[in-house]
Amino acid sequence: MNTSLPILPTISTTFIVLSAMTVAIGWYLIKQRKIDAHRKAMTVAAIFAVLFFLIYASRTIFIGNTAFGGPENIEIYYTVFLIFHITLATVGAILGIVTLVTGYKKNYERHRKLGPITSIIWFFSGITGVAVYLLLYVFYSGGETTSVIKAILGF
């Protein structure tokens, strides 16, 4: 088990966990018919998600993604799991934006249909994101890291 955790992935993972927790709070609040509190909770959840994305994207561009550093015999399983996570996160982000917009525009019929689906996808995205973090930085030491800039420009 790795004893030193990289700061940026730890912070970004924390933000995505906070986002998922805040979505859960927002879901609870709407079930209680506390519409204004629900709107505020979901806005905070979106802010946490944006903070996650900004840190993740900046790290990816300037520092790079960390390759899987675990045993080679499970790398294929990690890769399949990572693809599943990335798909969930992408669908969740797109649905999240659409769901937020429908709520802010008071298109409540569509918002009520999308909200539960979006939330469930977001929860699974958060859970799988934490699993990826654990596999990359806690259970195994991360592999090689190369920035996008270095990969593209060669320096």
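This is a short dialogue on three residues of a predicted model.

Student: Why is S19 called buried?
Tutor: Its relative accessible area is 1%. Buried means under 20%. S19 therefore falls in the buried class.

Student: Where is S19 found?
Tutor: In helix α1, which covers residues 7–31.

Student: What makes the link between the side chain of S19 and the backbone oxygen of A45 a polar contact?
Tutor: The side chain of S19 reaches that oxygen at 2.9 Å. The cut-off for a pair of N or O atoms is within 3.5 Å. The distance of 2.9 Å therefore meets it.

Student: Which residues does S19 touch, not counting those up to four places away in sequence?
Tutor: A45, F48, A49 and W122. Contact here means heavy atoms within 4.5 Å.

Student: Now R33. Why does R33 count as exposed?
Tutor: Its relative accessibility is 68%. Exposed means over 50%. R33 therefore counts as exposed.

Student: Where is R33 found, and what is notable about its phi?
Tutor: R33 is in the loop between α1 and α2, the latter spanning 35–62. Phi of R33 is near 65°, a positive value in a residue other than glycine.

Student: How do you know that K106 is exposed?
Tutor: K106 has 54% relative accessibility. The exposed class begins over 50%, so K106 belongs to it.

Student: What is the phi of K106, and which helices flank its loop?
Tutor: Phi is positive, about 60°, although K106 is not a glycine. The loop lies between α3 (72–104) and α4 (108–138).

Methods. Residues numbered from 1 in each chain as written. Predicted model: local features only at pLDDT ≥ 70, side-chain atom pairs only at ≥ 80, totals over all residues. Heavy atoms only, no water. Helix = DSSP H or I, 4+ residues; strand = E, 2+ residues; numbered from the N terminus. Buried < 20%, exposed > 50% of the residue type's maximum accessible area, 1.4 Å probe, protein only. Polar contact = N/O pair within 3.5 Å; in protein donor to acceptor, adjacent residues only side chain to side chain.
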